[in-house]
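Please look through the structure below with the sequence at hand. The paragraphs that follow lead from one annotated residue to the wider annotation, and then to charged pairs, surface patches and backbone angles.

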Amino acid sequence: MEKLMERFLEQSAQAEDSFYRMEEQRLQAEDRRREAEHARELHMLQMLGQMFSGVSSARPASSSSTPSKTASLARPPTFSGASQSLTRGQSAQLRRPSPQTDCLTQQSQVLNRDQQALVFERYYGLGSTSHRDMDDDILPLIKSIVPPLTSKKHKGQDGRIGIIGGCQDYTGAPYFAAISALKVGADLSHVFCTKDAATVIKSYSPELIVHPVLDSPNAVEEIEKWLPRLHGLVVGPGLGREDLLLKTAKEVIEKSKARDIPIVIDADGLWLVTQQPSVIQGYQKGILTPNFMEFTRLYESLHHEPMDSRDHQRNVMQLSVAMGNLTLVLKGEQDLISDGSNVIPCSIEGSGRRCGGQGDLLSGSLGVLAHWAHAASAAGTLRSVNPSVVAAFGACCLTRQCNSQAFQRHGRSTTTSDMIQEIGSAFKKLFES
Ligand SMILES: NC(=O)C1=CN([C@@H]2O[C@H](COP(=O)(O)OP(=O)(O)OC[C@H]3O[C@@H](n4cnc5c(N)ncnc54)[C@H](OP(=O)(O)O)[C@@H]3O)[C@@H](O)[C@H]2O)[C@@H](O)CC1
Ligand SMILES: Nc1ncnc2c1ncn2[C@@H]1O[C@H](COP(=O)(O)OP(=O)(O)OP(=O)(O)O)[C@@H](O)[C@H]1O
């Protein structure tokens, strides 16, 4: 017995040794990776410096002093070859809106292709750059996708968004998503929900168009009728997990993919994706917005092993790749956004208040921003960057800013409705100033 005990202890000690050896190797490898990233970023900054010094010397003498590194990215100089840099006034006259680019009479702050690529390159070299600098750098990209408000457009051109969700238990979530889409700037917001949820949702707001079809026998046909008119779809807020509703959601996703509509999948929509990843796998206009719990479920379903929670950035990259380079937003203390090539953190200050429904605000906003970003990409005003990633970053910034502003007013009693009240001013502060 004693001998056995001795052997057991010896083996334990060996196992422990080997664990620490492996851990050390892992940490060394991680250090090497970080150093390489840092070096890459320094290189990018040097290139950036060269580029801007070239540009400022080519600019007319009237353009004032050389901007600082960050300021030059946030307020890019006008390049002589930047043909897509239209001013607000010009754009409405020069562009004839096509159905895909309805919303795209672009504003003046359009970055040219090289600038967009550099902003993202710099952004991706996470190394030593502070998050505030990163946020400052990428905001111009978001500003460039926001359609200007002009008298030349008609109702619907800035976006018609559909929300698939709303059942007996959950009426708040689809309302939050749909009203957020409107407040961000969509012209029309449709909710496709079950019959018993519809009257409740309608009573929250006369602004929403509510279709009580989700549990009808011909739900898919009923929703399909509207698809040609929708620019973006958000699937999942308050959908519930009944098989019949999930089956309808799945078929609507398939039909929307065939129409090339940007699709945001959140909440119970992610439950469906966890059961059947192929429903959205590889669809480049698909964006998933899991919270930590939803992310873990999806990760483990795809990787068939428990998730190691120590490295969220790596997990987000891995899951995005496994999903066919779909854009993912892992929500949390920092929102992490990835399309499998890199990870962009959004850490604009929010607050410590974690009331339910914040994710619905995010997914509803994202439905609109995804439409705008893909329309900008189709029109050639947003190039070299993934429109879904730009939209996702915008929605994360906006949600956090709303949280921060609402918290300043209401403190501990902040609710998602208070955050929704802040969308207008938060949007203006972030994307229109
Ligand atoms: N007013 C309304 O109508 C609203 C309706 N909503 C709708 O509700 C439906 C279900 O959505 P859901 O998120 O509650 O479901 P699910 O994924 O099972 O999570 C449940 C459990 O997961 C955990 N957990 C969550 N986050 C975590 C984190 N970051 N980190 C760690 N753990 C975390 C946590 O576990 P616990 O702490 O309780 O053990 C939690 O209880 C969906 O349709 C949604 O749209 C909401 O939008 C809110 C407003
Ligand atoms: N720990 C945190 N610190 C700061 N902000 C956070 C934190 N967790 C979440 N958030 C903010 O809340 C947003 C929504 O994340 P959350 O995890 O609440 O989503 P959710 O559970 O899907 O929401 P919902 O209640 O709508 O279902 C995030 O995008 C982020 O802005």
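In which helix is F295 found? The model is a predicted one, and in it F295 is found in helix α11, the helix that covers residues 292–303. F295 has a relative accessible area of 1%, and because buried means under 20%, this residue counts as buried. M293 is found in helix α11 as well, yet at 52% relative accessibility M293 counts as exposed, since the term exposed applies to values over 50%. Both residues belong to a longer list that comes from the record: in an unreviewed entry, UniProt places the feature "binding site" at G238, N291, F292, M293, E294, F295, T296, R297 and D360.

The same record also supplies a broader annotation, for UniProt places the feature "domain: YjeF C-terminal", again from an unreviewed entry, at residues 138–430. Within that span, 48% is helix and 12% is strand, and the C-alpha atoms at its two ends lie 11 Å apart. The residue that begins the span, I138, has its place in helix α5, which runs over residues 131–143, and I138 is buried, with a relative accessible area of 0%. Looking from I138 towards an earlier part of the chain, one finds R26 at a position 112 residues away in sequence, with 32 Å between the two C-alpha atoms.

The charged side chains can be followed next. When a salt bridge is taken as a side-chain nitrogen of Lys or Arg within 4 Å of a carboxyl oxygen of Asp or Glu, the count comes to eleven salt bridges, and three of these pairs are described here. One of them joins the side chains of K257 and E254, with a distance of 3.5 Å from N to O. This pair stays inside a single element, as K257 and E254 both lie in helix α9 (residues 243–258), where they are three residues apart, about one turn of the helix. E254 itself, at 34% relative accessibility, counts as partly exposed.

A second salt bridge is formed by D260 and K285, whose closest N and O atoms are 3.0 Å apart. This pair links distant parts of the chain, with D260 in the loop between α9 and β5 (263–265) and K285 in the loop between α10 (267–275) and β6 (286–288), 25 residues apart. The two partners fall into separate accessibility classes: D260 is partly exposed, with a relative accessible area of 37%, whereas K285 is buried, with a relative accessible area of 14%.

A third salt bridge brings D335 together with R400, the closest N and O atoms being 3.0 Å apart. Because D335 lies in strand β8 (residues 335–338) and R400 lies in helix α14 (residues 387–410), this pair ties together parts that are 65 residues apart in sequence. Here D335 counts as buried at 5% relative accessibility, and R400 counts as buried at 11%.

Charged residues also appear in a surface patch, a grouping for which residues with a salt bridge are left out. A negative surface patch is formed by D169, D196, D215, E242 and D243. Among them, D215 is found in the loop between β3 (209–211) and α8 (219–224), and at 36% relative accessibility D215 counts as partly exposed. A patch of another character is nonpolar: M5, F8 and L9 form it on the surface, with about 330 Å² of accessible area together. F8, one of its members, is found in helix α1, which takes in residues 2–58.

Two backbone angles complete the walk through the model. D260, met above as a salt-bridge partner of K285, has a positive phi of about 65° although D260 is not a glycine. The other case is N325, where phi is near 60°, again a positive value in a residue other than glycine. N325 has its place in the loop between α12 (312–322) and β7 (327–330), and with a relative accessible area of 32% N325 is partly exposed.

Methods: Residues numbered from 1 in each chain as written. Chains lettered and ligands numbered in written order. Predicted model: local features only at pLDDT ≥ 70, side-chain atom pairs only at ≥ 80, totals over all residues. Heavy atoms only, no water. Patch = residues over 30% accessible without salt bridge, like charges linked within 9 Å, V, L, I, M, F, W, Y side chains within 5 Å. Areas by Shrake-Rupley, 256 points an atom, 1.4 Å probe, with all protein chains shown as cover. Lys, Arg positive; Asp, Glu negative; His and termini not counted. Charge placed at Lys NZ, Arg CZ, Asp CG, Glu CD. Helix = DSSP H or I, 4+ residues; strand = E, 2+ residues; numbered from the N terminus. Buried < 20%, exposed > 50% of the residue type's maximum accessible area, 1.4 Å probe, protein only. UniProt positions renumbered as here; feature names shortened; annotations may be inferred.
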